[in-house]
Amino acid sequence: MKEHVEKLYALSGKPSRRIIGLMSGTSLDGLDVALCLAEGSGPETRLRVEYFKTLPYEQDFRNAVREIFAKRQIDFQQLVLLNPFIGLRHGQMILECLAEWGINASEVDLIASHGQTVFHAPRKQHGIAAFPNATLQIGDGDHIAVRTGIITLSDFRQKHIAAGGEGAPLAVYGDYFLFSQKDENRILLNMGGIANFTFLPGSLDASSVFTTDTGPGNTLIDAFARLHFGKPFDENGSMAASGRVNKTLLNALKDAPFFGQPFPKTTGPEVFSVDYVKNAIQLAGQDAVEPKDLIATLTQFSAETISEAIHNAMGENKAFEVYASGGGAHNPVLMGAIGRLLGRNIRLIDELGVAGDAKEAVLFAVLANEAVAGEAVYFGEKKGVPGVSMGKISFPG
Ligand SMILES: Nc1ncnc2c1ncn2[C@@H]1O[C@H](COP(=O)(O)OP(=O)(O)OP(=O)(O)O)[C@@H](O)[C@H]1O
Ligand SMILES: CC(=O)N[C@H]1[C@@H]2OC[C@@H](O2)[C@@H](O)[C@@H]1O[C@H](C)C(=O)O
């Protein structure tokens, strides 16, 4: 029906668009919903977050996703059922937010849905030369569009892979458009389940922009807080603060092929898992490690691998500011260790006008805005930041 294409075309010419950005990360804590007003596009994007909310997942939902999440062997039916189920659930969650905010669905131009990553497999990780980089996000966009009546863009990572990337990190695009600052080199560090950063040059030169995952953020801390303490995470780093870093184990944890791979690179809980840590404990002969010392060691493991990646990427260039976001920014032990290792105060992205917990959802709104209203932006020939439009379009009818 051409009415949908005409509506989309009209949207592309509007001076501003109201876009809901959705992010459901690897921590499986909940769905981040950011209602944004975006004006312009590319480096001229001006974006205001009108409302933001994280809707926590119910335990049943989390358990259902965990049955297939980052696993090599799964019940295939469970994967197939979850694809529309998550789409419908996310659609419903959006409607609940809109009702709470007193906004009608007809007042929203677009939804930008990341979906739920269930498996991330860059070639460097799966190691099968004949197969490409691969990643899978589920939570079908057609179901979101039909449930909400709002045009939905989803499945953003496939185009990035088709254009030569690993499907992540995608935050780099929004980071560059929203947070670049003339004459200040910036590192935007996001610490979710996995940690990544974007380098934004003070020259504003798009071809110098750089991004990579660094390894675990909170994923291992969460897994062992759950296993040993029955808690979803180490709130305010209190478990880590009560323990001591086990140096022998730390060295074994840092001995993974991922850390020797060149930038840019991506990873996930497929690699950094409970089994990964148990294996390191065994190799290091540290079976008697106390749970609180294990949490302290895993926190230091994240801090050191994050700091070393930033240090290696920046080389001799010491003139940069670091702005943190994601759940890890709430962990003072992690933040303190990174600050000490990098020899500087780690700031919060909130200083730049976007709440740290909202940043990733906002970035998908930026990607949808680019797909609908942006011009091509050239990020140079380097790997990892192809200048392509991303997101598949689902019409509501
Ligand atoms: N007060 C806190 N103290 C310590 N850690 C916290 C706190 N609040 C949140 N976190 C951590 O942040 C995590 C959630 O972070 P976030 O929502 O950024 O991850 P995500 O988006 O799911 O992950 P990713 O971006 O890697 O996919 C929690 O699982 C927890 O480990
Ligand atoms: C495959 C996948 O879902 N990757 C996530 C994950 O969570 C953090 C890190 O690993 C990052 O590379 C990415 O998400 C953010 C939003 C990104 O693409 O920038």
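Which of the 18 residues around ligand 2 come nearest? In this predicted model, they are Thr 117, Ala 168, Pro 169, Ala 171 and Ile 194. Two strands stand out in the surroundings of ligand 2: β4 (110-121) and β8 each supply at least two residues of the shell. Sorted by class, that shell holds five nonpolar, 11 polar and two charged residues. As for placement, domain 1 (2-168 + 359-394) and domain 2 (172-352) both give residues to the shell, so ligand 2 lies between them.

Ligand 1 has its own shell, made up of 23 residues. Gly 25, Ser 27, Gly 192, Asn 218 and Gly 327 are the closest of these. The class count here comes to four nonpolar, 14 polar and five charged residues. Both domains take part again, with at least three residues of the ligand 1 shell drawn from each of domain 1 and domain 2. Two of the closest residues, Gly 25 and Ser 27, also fall in a stretch that UniProt, in an unreviewed entry, annotates as "binding site". The record's annotation covers Gly 25, Thr 26, Ser 27, Leu 28, Asp 29, Gly 30, Leu 31 and Asp 32.

That annotated stretch is worth a look residue by residue. Thr 26 sits in the loop between β1 (16-24) and β2 (30-39), and Leu 28 lies in the loop between β1 and β2 as well. Buried or partly exposed, then, for each of the two? Thr 26 has 22 C-beta neighbours inside 10 Å and therefore counts as buried. Leu 28 has 19 C-beta neighbours inside 10 Å, so it counts as partly exposed; the cut-off for buried is 20 or more.

The contacts of these two loop residues can be listed too, leaving aside neighbours within four places in sequence. For Thr 26, the partners are Thr 117, Gly 192, Gly 193, Ile 194, Thr 219, Gly 268 and Pro 269. One of them, Gly 192, is among the residues closest to ligand 1, while Thr 117 and Ile 194 are among those that come nearest to ligand 2. Leu 28, for its part, is in contact with Tyr 57, Arg 62, Val 65 and Arg 66. Leu 28 also takes a positive phi near 55° in the hairpin of β1 and β2, which has five residues between the strands.

The strands on either side of this loop pair in the antiparallel sense over eight bridges. Within that pairing, Leu 22 has Val 33 of β2 as its bridge partner. Strand β1 is also joined to β4 by five bridges, and here the two run parallel. Ser 24 stands opposite Gln 116 in β4. Seven of the nine residues of β1 are buried, so the strand is largely enclosed by the rest of the structure.

Moving on to another sheet, five strands form an open arrangement in the order β9-β8-β7-β10-β11, with mixed pairing. The edges are taken by β9 and β11 (347-348), each with a single partner strand, so one side of each is left without a neighbour in the sheet. Even at its edge position, β9 (residues 210-216) is mostly covered, with seven of its seven residues buried. The pairing of β9 with β8 (residues 194-200) is antiparallel and spans six bridges; in it, Phe 197 has Thr 212 of β9 as its bridge partner. At the other edge, β10 (residues 321-325) and β11 run parallel and are joined by two bridges. There, Tyr 323 is matched with Arg 347 of β11.

Finally, the two domains themselves. The domain assignment of the protein chain gives domain 1 (2-168 + 359-394) and domain 2 (172-352). Their centres, taken over C-alpha atoms, are separated by 24 Å. Across the interface, 30 residues of domain 1 are in contact with 30 residues of domain 2. On the side of domain 1 that touches domain 2, the elements giving two or more residues are β4, α4 (123-126) and α15 (359-373). The largest share, seven residues, comes from α15. By class, this side of domain 1 divides into 15 nonpolar, nine polar and six charged residues. Strand β4 thus turns up in several places: on this side of domain 1, in the shell around ligand 2, and alongside β1 as its parallel partner.

Definitions and conventions. Residues numbered from 1 in each chain as written. Chains lettered and ligands numbered in written order. Predicted model: local features only at pLDDT ≥ 70, side-chain atom pairs only at ≥ 80, totals over all residues. Near = placed C-beta within 6 Å. Nonpolar A, V, L, I, M, F, W, Y, C, P; charged D, E, K, R; others polar. Domains from an automatic or database assignment. UniProt positions renumbered as here; feature names shortened; annotations may be inferred. Helix = DSSP H or I, 4+ residues; strand = E, 2+ residues; numbered from the N terminus. Buried ≥ 20, exposed ≤ 12 C-beta atoms within 10 Å, placed from the backbone. Contact = placed C-beta atoms within 7 Å. Pairing = 2+ DSSP bridges.
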